[in-house]
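User: I would like a close look at one part of this model, followed by whatever belongs with it. Please take the time to connect the pieces.

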Amino acid sequence: MGGWIITMIGNFDLQTKSQLKILTEISFIFKGIDTDFWLRGGWAIDFLLGEITRLHSDIDIVTWISNRKQLENTLIEAGYEQIPVPEEFCNRQSDFRKDNIDITFIYITYNTDGSLMMNGLPEWVWRQDSLLPQYYYLHGISVKVLHPRQLLEDKEIYEQIGRPFRQKDADSKKILHRIISDF
């Protein structure tokens, strides 16, 4: 697998190039509105490792619910198309698309007891150390990412609530265990 990935990514397919461009744009958008975001999912793993491990189908981003309105307006002004989300997710996420790249923004907040949680979902309490303060770098882009333990817990929770098996999740869990052991 490693040789193929390095060869494939070394040439960068169009989707990977587009996603890196979008990540750069989003970094500038968040700087412009003076707030933080954290990557989650496959791109977070790649930034933790400092290398691209596989092709990604989308970009997953975490930010504070208090940023939502300004972020949505700024993204629309920057040419991003807002995609409707199912009613049950309206308080938790916003979906956008640009250049055929899907980007999901999930929103976090603090519960009344001070625990970190996804907005509107107090049953899903996040780790207190979920939001890593340092920046990680990949191909000239710097971003913050979720703690690898939080990334692993996300994968496990999705399995518990019935997400169908995906090989990429199994592969990601193996990588996350390695990252955690070195963290």
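In which loop is T53 found? Please start there and then work outwards to the helices and the pocket.

Analyst: This is a predicted model, and what follows should be read with that in mind. T53 is found in the loop that runs between helix 3 and strand 2, and the place of R54 is in the loop between helix 3 and strand 2 as well. T53 is counted as buried because its relative accessible area, 14%, falls under the 20% cut-off. R54, with a relative accessible area of 19%, is likewise buried, since that value is also under 20%. Two distances help to place this loop in the model: the C-alpha atom of T53 is separated by 31 Å from that of T109, with their positions 56 residues apart along the chain, while R54 and L71, 17 residues apart in sequence, are 28 Å apart from C-alpha to C-alpha.

Helix 3, on one side of this loop, covers residues 42-49 and packs with helix 6, residues 167-182, in such a way that their axes come within 11 Å and cross at roughly 35 degrees. The crossing of helix 3 with helix 6 is left-handed. On the side of helix 3 the residues that meet the partner are I45, L48 and L49, and on the side of helix 6 they are S172, I175, L176 and I179. By character, the residues of this contact are six nonpolar and one polar, with no charged residue among them.

Helix 3 also leads to the largest pocket, which has a volume of about 630 Å³. There are 27 residues in its lining, and those closest to the centre of the pocket are R40, D58, D60, Y158 and R163. Helix 3, strand 2 and helix 6 are among the elements that give two or more residues to this lining, and the others are strand 4 (93-98), strand 5 (101-110), strand 7 (121-125) and helix 5 (148-160). Helix 5 provides the largest share, four residues. In contrast to the contact of helix 3 with helix 6, where no residue is charged, the lining of the largest pocket includes 12 charged residues, together with nine nonpolar and six polar ones.

Strand 7 deserves a closer view through W124, which is found in that strand. W124 is counted as buried because its relative accessibility is 8%, under the cut-off of 20%. Beyond its neighbours within four places in sequence, W124 is in contact with R40 and Y158, and also with L116, M117, M118, Q150, D154 and I157. R40 and Y158 are also listed among the residues closest to the centre of the largest pocket. By contrast, the C-alpha atoms of W124 and I103 are separated by 22 Å, although these residues are 21 apart along the chain.

Two loops elsewhere in the model carry a backbone feature worth checking. Most residues other than glycine have a negative phi. D99, which is not a glycine, has a positive phi of about 50 degrees, and D99 lies in the loop between strand 4 and strand 5. D99 is classed as partly exposed because its relative accessible area of 43% lies between the cut-offs of 20% and 50%. For H139, also a residue other than glycine, phi is positive and near 50 degrees; this residue is placed in the loop between strand 8 (136-138) and strand 9 (141-145).

Technical notes
Residues numbered from 1 in each chain as written. Predicted model: local features only at pLDDT ≥ 70, side-chain atom pairs only at ≥ 80, totals over all residues. Heavy atoms only, no water. Axes fitted to C-alpha atoms, helices over the stretch in contact; angles between N-to-C directions. Left-handed = near helix turned anticlockwise from the far one by under 90°. Contact = heavy atoms within 4.5 Å. Nonpolar A, V, L, I, M, F, W, Y, C, P; charged D, E, K, R; others polar. 1 Å grid on protein atoms, 1.4 Å probe; cavity = no way out; pocket = protein on both sides within 12 Å on 5 of 7 lines; lining within 4 Å. Points joined across faces, edges and corners; volume = space filled by probe spheres on them. Buried < 20%, exposed > 50% of the residue type's maximum accessible area, 1.4 Å probe, protein only.
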